Amino acid sequence: MNDSDSDLKRAYDALSAKATLYGLLFNYYDGRQPLVYSTERLRAAFQSLDARFNENWCRVVVDSELNRIGLESWAVGDDETLSAALSDLMTETGLVHDLDDTHLAALVTGESFVVAWPDETTGRPTAFYNDPRLCHVWYDALNPRAKRFAAKWWAGDDGLQYLTLYYPDRLEYYASDKVATEVTSHKAFVPMTPPTAPNPYGIVPVFHFRLEKRVNKGLLVDVLPMQDAINKLFADMMVTAEYGAYPQRYVISIAGVQGKLRNAPNEVWDVPAGDGMGQQTSVGEFSAASLTTYLEAMRDLAQTIGIVTATPAHYFTATSAPPSGDALMVMEAPLTSKVQRHINQRFYPVWQEVGAFLLLLDGVTVGAQDVTPVFRDVASIQPRAQAEIRQLSVNAGIPLVTVLSDEGWTQAEIDQMTQDKEAEQATATAGLGQALLAQQRQFDQGMGQGGKQ
């Protein structure tokens, strides 16, 4: 077996193994969650239950982080021309619209991919987000930061399965010799015509976003068991509500009940008396089953999910009044720290590589370290709290421009603020001059009329 055959087998095995697990994780995020029972007897008892009930806390856990990851602009050193060119490339390739999808897949499954390459017809750069079930990357054993090769497969419109291997010096193209649904081994793939294409860039053009390097782990791995338990409790509660949440009344009478007893306003029950010998006539009711036990257990599990995933407690409970600015910052500090760590260590470096490669495809060579993806602030700060922090910083001697830059203001926004401030000062100065001139005229007119001032 040659190296290509070995890599082809590795690609097939890895991509095949991803499909089931990642599909399950996406289903949990989307709310398509199976109802899991602890024993076979319970499964048999509830197998006729048609409806499905769930409280989808998986989406809350993921979205609480996703909503804070905002890649807003790009900078290439101090070169405004290159910065604008990279922003244009992000728009031209459509990658600017794939940002959320890229981050979402990484949060759900633990990894996601962007593939960039020149268009076969125009030669212009192209770049796309790719579903993590379709791609995989292998790293050098000696240098775990260096990509040895990558693979991507997909089902074509003709029903065949296609697979590409990406190396630093070449691309290898394969297609299945049968329809995709019948492919069960890497041996089903044969080289296409042409079988290879050169890679003149020396870079594997598959960019790998991953939350952890030690093990591939998304945000939902620890959540699934608790989500299953919540869904089970929810289903139990709904069954209880169907059969036991209403008081059950009964009548004991040896003579039997004449007519039909109904529950309705102003309804009078005519219950016959006993015969005086046996069981006397009596009426009563069984108390309704309480649903509070289920609700409390579901609430406790939801809060546990929050603790395990560093998701703030107020995301899981309804509060009549929102927390204050300082309290909100304290409550969300663990989530803010987690999101910032993911941005700095997992997303930022890969986006640097993507930006540098897009410029390379456009004929401009820059180092990845020269590319700066600009993310918005991840912390939730109310406007009043933000203004107070800004004022305290300025009072401490930090220039306002520096404070605004640390907040994430772009140079264009700072320049606009400076121009607006200068225009406002000019207007104020002109207004003051006009007021002084009016006062002087009034004074001169009074003196000219012999008045005393």
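## Strand pairing, cores and burial in a predicted chain

Strand 6 and strand 7 (residues 170–179) run antiparallel and are joined by six bridges. Two strands count as paired if DSSP finds at least two bridges between them. Helices (H or I, at least four residues) and strands (E, at least two) are DSSP runs, numbered from the N terminus.

The model is a predicted one: local features need pLDDT of at least 70, side-chain atom pairs count only at pLDDT 80 or more, and totals for chains, interfaces and linings use all residues. Residues are numbered from 1 along each chain as its sequence is written, and side-chain values use heavy atoms, with hydrogens and water left out.

### The five-stranded sheet

Within the pairing of strand 6 and strand 7, Leu163 has Tyr174 of strand 7 as its bridge partner. An open sheet of five strands, with antiparallel pairing, has the order 4-5-6-7-8. Strand 4 (135–139) and strand 8 (189–198) are at the edges with a single partner strand each, so one side of each has no neighbour in the sheet. From one strand to the next, the twist averages 15 degrees; axes are lines fitted to C-alpha atoms, for helices over the stretch in contact, and angles run from 0 to 180 degrees between N-to-C directions.

Thr164 lies in strand 6 (residues 160–166). Thr164 counts as buried because its relative accessibility is 4%; buried means under 20% relative accessible area, exposed over 50%, and partly exposed in between (1.4 Å probe, protein chains only). Not counting residues up to four places away in sequence, Thr164 touches Ala150, Ala151, Lys152, Trp154, Leu171, Glu172 and Tyr173. Contact here means heavy atoms within 4.5 Å.

### Other strand pairs

Two further antiparallel pairs are set out below.

| Strands | Bridges | Residues opposite each other |
|---|---|---|
| Strand 2 (residues 111–118) and strand 3 (residues 125–130) | six bridges | Val114 and Tyr129 |
| Strand 1 (residues 71–76) and strand 12 | five bridges | Val76 and Val371 |

The hairpin of strand 2 and strand 3 has six residues between the strands, and Gly123 there takes a positive phi near 80 degrees. Phe128 lies in strand 3. With a relative accessibility of 46%, Phe128 counts as partly exposed. Leaving aside neighbours within four places in sequence, Phe128 is in contact with Leu95, Asp98, Phe113, Val114 and Val115. The C-alpha atoms of Phe128 and Leu95 are separated by 6.0 Å, while the two residues are 33 apart along the chain.

In a regular strand the side chains alternate between the two faces of the sheet. Strand 12 (residues 371–375) shows this alternation: Val371, Pro373 and Phe375 are buried and point to one face, whereas Thr372 and Val374 point to the other and are not buried.

### Nonpolar cores

A nonpolar core is a set of buried Ala, Val, Leu, Ile, Met, Phe, Trp, Tyr and Cys residues joined through side-chain atoms within 4.5 Å. The largest such core has 60 residues, among which Phe347, Trp351 and Leu358 touch the most other members. Helix 9 (residues 333–361) gives the most to this core, with 12 residues. Apart from residues up to four places away in sequence, Leu358 touches Leu86, Leu89, Met90, Thr93, Leu95, Ala116, Pro125 and Ala127. A second, separate core has 16 residues, including Leu8, Trp138, Tyr167 and Val183.

### Helix 5

Helix 5 (residues 99–109) is mostly covered, with nine of its 11 residues buried. These buried residues are Leu99, Thr102, His103, Leu104, Ala105, Ala106, Leu107, Val108 and Thr109. Gly110, just after helix 5, takes a positive phi of about 105 degrees.

### Cysteines and chain totals

The structure holds zero disulfides, a disulfide being a pair of cysteine sulfur atoms within 2.5 Å. Cys58 counts as buried, at 0% relative accessibility. Cys135 is buried, with a relative accessible area of 0%.

The secondary structure of the chain comes to 12 helices and 12 strands. Of its 453 residues, 37% count as buried. Among contacts between residues at least 6 apart in sequence, 66% join residues at least 24 apart. The chain exposes about 26,100 Å², of which carbon and sulfur atoms supply 53%. Accessible areas come from the Shrake-Rupley method with a 1.4 Å probe; for residues, only the protein chains shown count as cover.
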